[in-house]
Amino acid sequence: MKDGLAHQRVWQLPSYVRRVPTGGEKGKFLAVDLGGSNCRICLVNLHGDSTFTTIQSKHSVPPGVMVNPSSRPLFDFIGHRIADFLATQPDLCSSRGLRNSNQQPYQLGFTFSFTCEQTSLASGRLIHWDKGWDIPEAIGRDPCQMLQDAIDCLRLPVVVTVLANDGVGTLLTRSYTSGPTASTLAAIIFGTGTNAAYVEKLSNVRRVSGETKPDGIMVMNTEWGCFDDQMEVLPRTSFDDELDRASADSGTQMMEKRVSGLYLGELLRLIILDLLRGNAFTMTCSNASRAFQRDGIDSSFLSELAKAGRDHAERAIQLIEDTLSAENVSEADAQAIQLIATAIARRAARLAGASLASIIIQSGRLEMSPDGAPEPEYSMHRIQRFTSDMALLWRRLLRLAGIGSPIGKPPVPIQPLKSKWDNIIDIGADGSLIEFYPSFETEMRGAMRDVPEVGPAGEQRVRISMAKDGSGVGAALMAQAASEVET
Ligand code: BGC
C-alpha cells in the first residue's frame, strides 16, 4: 500500500475525490453504472438528509460487447440505453442539477468498474480490462470521452461530468447515508470483481505532486484485486493456476481470482472435475452437466451449499443433483463438495479480511482518537496484546514439541478498548458474496483478529454495513460535487 502511494503503480490509484459527502447533498443527477456484468442507468434523487431515491433501468451487457476488438459497440450500447431511459423520464427538465429551463445539458456521473488511472475527477486512462472483458482498442483511452462521443453521436443533451470507480462510489454512498459523524473509512466490493477504496491523508499520497493541503484527504482506489500479482505471499494451488491460465488476463488480478464472485464457482468446478475424473465420488454426471462447462458453476452455488448446512444432507444432495445434473449423489459426496466450497469461500473471506486489516492499519485509525490525538491507553493495550500473543506462542511451541499445554485455559482475551477510544471504524460493503454467503463477514473478521496490529480489540471496532448498489449513487454524489464547483 505504501509503495503504491509513493510510486506510479496500477494499484493505489488516486480518485481526485478530496472530500466525502456529509449527507446534506441535494439534487437529481444521472448516473451510468457499468459493472462486471450489468449496466444500470440511474436517476438519483439526493434528498439532503442522508436518504435518496433512484429510478433505474438495468441491462445485461451482451458478451459480444464485452469481448470485441472495437470499443464502439460498448459505448454505443450504453448511449442507446441512456436514450431509452431519457425517453421514459419526461419531467427531468425542472430538476436541479439536470437540464433546466435554459436547456442546460443533463449532468451525468459515470461509474466504470475497471482499472483506470484517473487524471482528474472527470477523466482517466484505462489501464487494463479484467473480469473476463477484453476490448483492446479502449486501452489507454479515456472512458468519459468514449462515452461522451457515443452520447454526442446520438445528439443526447447529456454531459459526462465525473468518472468514478465502483469502490469509490460505494464509499461516497456509505458516507452520505451514514452521516458526518460516522466518518466512514472504506468501502469494499465483493461482486463479479473485488476492490476497496478508502480515505487517505493527502500528505501520504506522494504519487500526486503539488498536493499540499495539510489536513486534506484523498479517496484512494486500492485496486486490491491486483495486490501481490507477483505471487509472493498469496496461496496457490494447481486449480488456481489452471483458472488463471484459462482467463483473459492471465498473470494479473491474482487476489481477485481468489476472492471475487466471477471465480469462486469456477474454482469449485475445477476441483469437482478433478475428483470426478479420479472416480472419487459415488455420483455420476452426464456429459451435458455444468461440471464439464467452463464457468458452468455460479458462485451463488457456494452460498446455497453453505445455507443447506452440514446437518441437512438431503437439501445439499438435492442442490447438487439439480445444479450439476448429477445422479446417485451420496451423503459423502455432498459432504465433500460442501467441505471444498467452504474452504474456497473461507480462503476468499480471510484474504479480504487481511487486506481490510492492512487498510485499517495504514489509516492510523486504531491509534488515533477521533480528534486526531494519539491514544493514551494505546501503549497499555499494546502490552496487554503482547502478553496475550506470547502466551499463544508458548502454547503453540509446547504443542509442536509434543508436550501438550500445561496451561489448561486459553490466554485471557484482550479487553476491548473503552470509552471514547471505543470509536467505530465504519466500512461500507456491496456485492452478493458478502450479502448472501452466510459466514463471509465472520471469516473476514477472524482474519482481521489474526493480524497482530488489529487483534480482537481492533476488530471489534470495525462495523461493516451494506451499501447496496452504492456505486451508481456514488457517481451521482460526485456529479453533485462537480456541479457545486461549477456554480
Ligand atoms: C476492477 C476494479 C473494480 C472491481 C469491482 C475489478 O476487477 O479492477 O476497478 O472496482 O473489479 O467491480
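Trainee: Which residue in β7 is the bridge partner of Q118?

Mentor: In this predicted model, strand β6 spans residues 115–120 and strand β7 spans residues 123–128. The two strands pair in the antiparallel sense over five bridges. Within this pairing, the partner of Q118 in β7 is G124.

Trainee: How many residues lie between β6 and β7 in the hairpin?

Mentor: Strand β6 ends at residue 120 and strand β7 begins at residue 123. The two strands form a hairpin, and the number of residues between them is two.

Trainee: What is the distance from a polar side-chain atom of E223 to an oxygen atom of the ligand?

Mentor: E223 is listed with D130, N165, D166 and E256 as the closest of the 14 residues that surround the ligand. Polar contacts are counted for N or O atoms within 3.5 Å. For the pair formed by a polar side-chain atom of E223 and a ligand oxygen, the distance is 2.6 Å.

Trainee: What percentage of the ligand's accessible area does the protein cover?

Mentor: Ligand oxygen atoms also lie 2.8 Å from an N or O atom in the side chain of N165 and 3.0 Å from one in the side chain of K131. On its own, the ligand has 310 Å² of accessible area, and the share covered by the protein is 98%.

Trainee: Where does the ligand sit, and how many residues of its shell are charged?

Mentor: The site of the ligand is the largest cavity. By class, the surrounding shell has two nonpolar and seven polar residues, and its charged residues number five.

Key: Residues are numbered from 1 along each chain as its sequence is written. This is a predicted model: local features need pLDDT of at least 70, side-chain atom pairs count only at pLDDT 80 or more; totals for chains, interfaces and linings use all residues. Side-chain values use heavy atoms; hydrogens and water are left out. A residue is near a molecule or strand if one of its heavy atoms lies within 4 Å of it. A polar contact is a pair of N or O atoms within 3.5 Å; within protein, one must be able to donate a hydrogen and the other to accept it, and residues adjacent in sequence count only if both atoms are side-chain atoms. Accessible areas come from the Shrake-Rupley method with a 1.4 Å probe; for residues, only the protein chains shown count as cover. On a 1 Å grid over the protein atoms alone, a cavity is a set of points where a 1.4 Å probe fits but cannot get out, and a pocket is an open set with protein on both sides within 12 Å along at least five of seven lines; lining residues have an atom within 4 Å of a point. A molecule sits in a cavity or pocket if more than half of its atoms lie within 2 Å of its grid points. Ala, Val, Leu, Ile, Met, Phe, Trp, Tyr, Cys and Pro count as nonpolar, Asp, Glu, Lys and Arg as charged, and the others, Gly among them, as polar. Two strands pair if DSSP finds at least two bridges between them. Helices (H or I, at least four residues) and strands (E, at least two) are DSSP runs, numbered from the N terminus.
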